[in-house]
Structures are given as C-alpha cells and as structure tokens.
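This report looks at two topics: backbone angles in loops and the packing of nonpolar side chains. Please keep the sequence and the structure in view while reading.

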Amino acid sequence: MQAKQTGLFNLPGANRTQVPPILGIPGLPPPIPVQTFGMGIGSNPNLSRQSRRLYIGSITPEVNEQNLAEFFNSKMIEMSIGTGGPGKPVLAVQCNYEKNYAFVEFRSAEDATAAMAFDGIIFINGPLKIRRPKDYGGPEQNSPGIHVPGVVSTNVPDSINKVFVGGLPTYLNEEQVQELLRSFGELKAFNLVRENGNGVSKGFAFFEYVDASVTDVAIQSLNGMELGDRYLVVQRASVGAKPGMPNLPYDQFPEIPRPIMPAGENSTADARILLMLNMVVPEDLMDDQEYGDIYEDVKDECSKYGVVEDLRIPRPVKKDKTKPTPGELGFQSALDAQRADEAAGVGRVYVKFTRADEAQAGLKALAGRSFAGRSIIATVLNEDSQTTPPLNLIFAPQPEAPPPLPSS
C-alpha cells in the first residue's frame, strides 16, 4: 500500500498511463503528454509512437543516423513542410544495414505524415522509399496530399490517372525509364516493378503525372512505341484492373497483350528521326570544347547507318557563376533551371536521317549500346510525332556551327 501511495504504482481501476504525482515537481511545468488520434491522452503509447515513425527503405551504406536526420531536418525546414514547431522535426533515427532500411521518429504524428511527401527524394545517389511502419494503426492516410517539386514518389496510388507501361527492356533502370516518360510532363509518382522488390526489372512500371491533362497525350504517343527490340504497351492502369488489387503485373491483366515483340521492318515507314535518351547529361554539354567533341562523335557514329540530314543536341541554360542563393530561393532557382532545361530537350539527342530505313538501322545498332558508361535508350519518330519540346522547335533553322551555350 505504501508503494501505491508513492504514485509509482496505480491504484486498482486507475488509468495506467496517467502521469504519476511524484513526477509533478513543484515549480516545474507538468510533462507534456503526446497527442494521439482523438483517443484520449496516453491511451496507447505504442500507437502514438508508431504514428510518429516512418520506414525508410533502399538506404545505401553511406547513409547513417546523423546524415539522414540532418537531411530530413534541413528539407522540412527549408520547404516549410510539417508543423513548424520549435526544435528539429526529427527526434531519432535507427538504421538496419543488413536489410537496407531505417526508422525515423518525428516530434509529432503530423510531422511524420508531412514527411511522406518526400517519398522518392534522391539522397546519396538513390531515391528513398518512405512508408508507414507495418504496425502503424493510425488513420489510413498514406499520402499527405503534398507534392514536393522535383520529387517523384515511389508510391503510385490507385486512381484514374495511374498509368501502366509494359514492354520495357529489363536492362533499363528507374532513371532511364523516367527520362522517357518526362518527355510529356513532370512525374508525380513512378514505380518500376522488380523481382522481390529490389531484384531485376520485370519490364513494366506504373506512373502518374503532376499535370493530369498530359496523361492522354503521353499514352497515345508512348503506346506502341518501338523501344529497342520491343514495343511499349501503355494505358491507364484501371483498364482490366480489379478493385483492391494495385500494381498487378501485366500477365495478370487479361486485356493487356504481352508486349514481347521483335521490331518490325515496316512498323514506322515514315519515321526518319532517331531519338536517343540517357546518352548525354547536362554536365557534359556545358563546356564548348566538350560539347563540340560529343557533337562530332555522335555525327560520325550515326553516319555509319545513313546520311545524317540534321543533328540536334540541346544545351542547358548557362548557370550564373555568382554564389547560389541559399535556402528556399536557391532551391527554387535550381528547380526552375532544371525545368527550363527539360522543356528545351536537354539530355536528348535528335538525329534526322534522309530515309526511314537509315533511322531503323541506327536504332537497331545503337539501342542498348553504352556511351560514356550509360545505356542508350532509343526510338524512332516521324515529323508529326507529339513530343516535348515539339520537333519543329528542335529542328528550327540555326547556324552550321554547334550552338553556343544559351544565357539564362
């Protein structure tokens, strides 16, 4: 009885999670209880903690507790995501290097929900996969409804705008497939389905655009596109899907034909433009000398397969050499420059041959080839193909010499 009177043990029928009186030291404020989901203060401490924790998958050996915490703290403060309360959003981080995942604990359930907007964000050369813990028992809210510009979520929720793409060459990775899809708009979410989650590609993916209005244009342009030795099958994922069964592989969609078809000789009779992706990166095109060398190398190689009528390799906007603007303004400035480059077709190589059979020969020879350590993604287009930017802008008249770097 004396032990119970100390307050360290609850009397029969008392709330077992109430604050013991012995902790209420005179002159100090009482401990702040953790808010739960309208279920009473301290009704379930484990639920409360799990609502503040997130599972972080696909971490690399370079990720540790300190740099992961600093990354989330800086991004959430920089972009004003979360409750904005005093102190840092992240309380603790635990890493499991054997299974390549971590748990991040936030100061509140609201901060944890807000941090899910960073699902897919690039950290140390790879995207982070952010999910709720398996024992999470809070509200079924897997997405905070916030889109962070430049971040492509790895979770594609079931909706009318969820798109299926099949027939992808299995050697293509996430970045290479995204490069193709970004030709039509900014991606909101993307998931390349792999064996056992992180094995070899199964050859199909799901994605969604930020601007839903470009979805139909992308589907119409990509469906049936010849990519390497296959044809793409692209359609809304809701076609043939069963409710409550997301991310079904295409062999379980009876309405979707298996897209393993050899490249046909007469499939694109008037397509004489060879488009190559993942061949160059903006950094390769900044220096005039290096750009000139790449231009000549591409022209010489493509000339082996036919007469090159025109060659265009768009260059990035010249970056301001002054010190970058820190914080949110600097992030927005860099994002604007990246979007301007993507809108101009930077990172793509356009080769116009005199005949369609020459473009086909170039496609078969160059698709999948390695250039500067990157596997080339290639397809053929005709002059009426709908792309971003439009082909008439890409092939607008210009001087014979390689163009100078444009100024911002």
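## Position of S80

The model is predicted. S80 lies in the loop that runs between α3 (65–78) and β2 (90–96). Its relative accessibility is 61%. Because exposed means over 50%, S80 counts as exposed.

## Positive phi angles

Most residues other than glycine have a negative phi. S80 is not a glycine, yet its phi is positive, at about 55°.

N100 is also a residue other than glycine with a positive phi, near 60°. N100 lies in the loop between β2 and β3 (101–106). With a relative accessible area of 35%, N100 is partly exposed.

## The largest nonpolar core

How many residues does the largest nonpolar core have? There are 32 residues in this core, and F207, Y209 and L222 have the most contacts inside it. At least two residues of this core come from each of several helices and strands. The helices are α5 (174–181), α6 (215–222) and α10 (391–394). The strands are β5 (163–166), β6 (187–194), β7 (201–209), β11 (273–277) and β16 (377–381).

Which residues does L222 touch, leaving aside those up to four places away in sequence? L222 touches L180, L181, F184, Y209, L232 and V234.

## Another core

Apart from the largest nonpolar core lies another core, of 27 residues. Among them are A69, V104, I130 and V151.

Conventions: Residues numbered from 1 in each chain as written. Predicted model: local features only at pLDDT ≥ 70, side-chain atom pairs only at ≥ 80, totals over all residues. Heavy atoms only, no water. Helix = DSSP H or I, 4+ residues; strand = E, 2+ residues; numbered from the N terminus. Buried < 20%, exposed > 50% of the residue type's maximum accessible area, 1.4 Å probe, protein only. Core = buried A, V, L, I, M, F, W, Y, C linked by side-chain atoms within 4.5 Å. Contact = heavy atoms within 4.5 Å.
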